[in-house]
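This report describes the architecture of one protein chain, from its overall dimensions to selected side-chain arrangements. The sequence and structure are shown first.

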Amino acid sequence: MTARRPAGRRARPPRRPTGAGPLAGREIELEVGPVAHGGHCVARFDGRVIFVRHALPGERVLARITEDTGGSYARADAVRVCRAGSDRVRPACPHAGPGRCGGCDFQHVRPAAQRDLKAAVVREQLARLAGLTDVPVAVEELPGGPLGWRTRVQFAVDGEGRVGLRRHRSRQVEPVGHCPLATPGADALDATRRTWPGASVLSVTAATGAGQSVVVTPRDPRRRPSRQGDATLAELAAGREWRVSTGVFWQVHPLAASTLAACVLDLLGPAAGDVALDLYCGAGLFAGVLAEAVGVTGRVLAVESDAAAVADARVNLSDYPWASVRRASVTPELLTGLSGSDPDLVVLDPPRSGAGKAVVAQVCRRRPRAVGYVACDPAALARDLAEAARHGYRLAGLRAFDLFPMTHHVECVALLRPVD
């Protein structure tokens, strides 16, 4: 199908291009090549790489250059489709598209094809950054469909107090009355239809536990955050409730925590009496399911730097005296100084930047029989897998999940085992 503007919608003025390179602000026809990490596809023009959003591999588009700083690449939006791909669909959200909300990268792509694109990105990152060229990758769908899944939404607030979402690579706010990715619970306080004078960010959280507690937190750097709703939420995962304080990390898809916990247990295969180490433990999800699995003869140590998350983890692990929580940053020095026997199992769930060479190296030196690595960024995962290989650990299994439909994000769980 050829993209066209829906009747009655005014055309958005061209986004002001960034940079002073030779292509800045130009519109050029491009043959679109493969998908790349970050929610865009790769095209080439006059020997330069053009990263094109709102396009699909194999399409021919008219692209407007939105950023050109004169280097080896430029960025562009596909503003007209000259030859559409078979997987192109009309976006479900009226705020998706060139120059509009930057939250969704793949609204224009059939959901099954979105997962294929994400699988291609994971394979490319593993091959390019870790030298792993034969890893089969299939991104698994979660029940519930591509809309109405986001339990946590962070909105921007403009100078007039109107709620919206940031435009791509911009501080500009796209006013949004409703985000189609948000769960119905996220609308419970009607936050997006009110004005919030003086606020800069509005966080809305709809918990999955009993009562569906909703928290709205307007934030302004000049004032303390205010809150409407409970300070702690009850989240459901792995067959039980978990306490999660406002601001503490928890997966945004209502089925994500259970899915990842089950995957980690399946890959690691914990046994009674095992010693397990959960690094970057957050509110204690993986430590909790591991504590249940290793039993009273086992031991679990969870490590987390955030004070509120540590407090939650201690509550969530209180039924398991053989599990403890340490407040500390995950560093090589911490891992070197851990007393007691080396762990049988390690879970790594680092931030988007990854665990890093030094931490990965020290984990491998402790010689666990299995490491479960939960990754929200395939590039960071690939870099850390390459480091693990240098220390005698191989990729023994990989699963990928579509926890963030309509976006380019994909969650992976990797199993590492010693080569010998």
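The protein chain exposes about 18,300 Å², and carbon and sulfur atoms supply 51% of that area. The model is a predicted one. Buried residues account for 54% of the 420 residues in the protein chain.

**Overall form**

Seven helices and 21 strands are found in the protein chain. Its radius of gyration is 23 Å, close to the 22 Å given by the globule rule for 420 residues, so the chain is as compact as a globular protein of that length. Taken along the principal axes, the box filled by the C-alpha atoms is roughly 65 × 50 × 35 Å. Among contacts with a separation of 6 or more, 63% are made by residues 24 or more positions apart.

**The eight-stranded sheet**

An open sheet of eight strands has the order E7-E20-E21-E19-E18-E15-E16-E17, with mixed pairing. Its edges are strand E7 (139–140) and strand E17 (323–327), each of which pairs on one side only. Three of the pairings are set out below, each with a residue pair that stands opposite across the two strands.

| Strands | Sense | Bridges | Opposite residues |
|---|---|---|---|
| E15 (residues 275–279) and E16 (residues 299–304) | parallel | five | Ala 276 and Val 300 |
| E19 (residues 370–375) and E21 | antiparallel | five | Tyr 373 and Ala 414 |
| E20 (residues 393–401) and E21 | antiparallel | eight | Phe 401 and Glu 411 |

Strand E21 (residues 411–418) thus appears in two of these rows, joined to E19 by five bridges and to E20 by eight. This strand is mostly covered, with seven of its eight residues buried. In a regular strand, side chains alternate between the two faces of the sheet.

**Helix H3**

Helix H3 (residues 285–294) is likewise mostly covered, since eight of its ten residues are buried. The buried positions are Leu 285, Phe 286, Ala 287, Gly 288, Val 289, Leu 290, Ala 291 and Val 294. Just after the helix, Gly 295 adopts a positive phi of about 75°.

**The surroundings of Val 201**

Val 201 lies in strand E11, which spans residues 201–206. Its relative accessibility is 17%; because buried means under 20%, Val 201 counts as buried. Apart from neighbours within four places in sequence, Val 201 is in contact with Gln 154, Phe 155, Val 157, Thr 217, Pro 218 and Arg 219. Gly 161 is 40 residues from Val 201 along the chain, and the C-alpha atoms of these two residues are separated by 9.9 Å.

**Aromatic side chains**

How many aromatic pairs does the model contain? The count comes to four. One of them is formed by Tyr 320 and Trp 322, an edge-to-face pair with 5.5 Å centre to centre and 70° between the planes. These two values are reported together because a pair of aromatic rings is described by the distance of the centres and the angle of the planes. Both Tyr 320 and Trp 322 are buried. A further arrangement involves a charge and a ring: the charged end of Arg 240 sits over the ring of Trp 242, at 3.8 Å from its centre.

How values were computed: Residues are numbered from 1 along each chain as its sequence is written. This is a predicted model: local features need pLDDT of at least 70, side-chain atom pairs count only at pLDDT 80 or more; totals for chains, interfaces and linings use all residues. Side-chain values use heavy atoms; hydrogens and water are left out. Helices (H or I, at least four residues) and strands (E, at least two) are DSSP runs, numbered from the N terminus. Buried means under 20% relative accessible area, exposed over 50%, partly exposed in between (1.4 Å probe, protein chains only). Contact means heavy atoms within 4.5 Å. Rings of Phe, Tyr and Trp (its six-membered ring) pair if their centres lie within 6.5 Å; planes under 30 degrees apart count as stacked, over 60 as edge-to-face and the rest as tilted. A charge sits over a ring if NZ of Lys or CZ of Arg is within 6 Å of the ring centre and within 35 degrees of the ring normal. The radius of gyration is taken over C-alpha atoms; the globule rule is 2.2 Å times the number of residues to the power 0.38. Accessible areas come from the Shrake-Rupley method with a 1.4 Å probe; for residues, only the protein chains shown count as cover. Two strands pair if DSSP finds at least two bridges between them.
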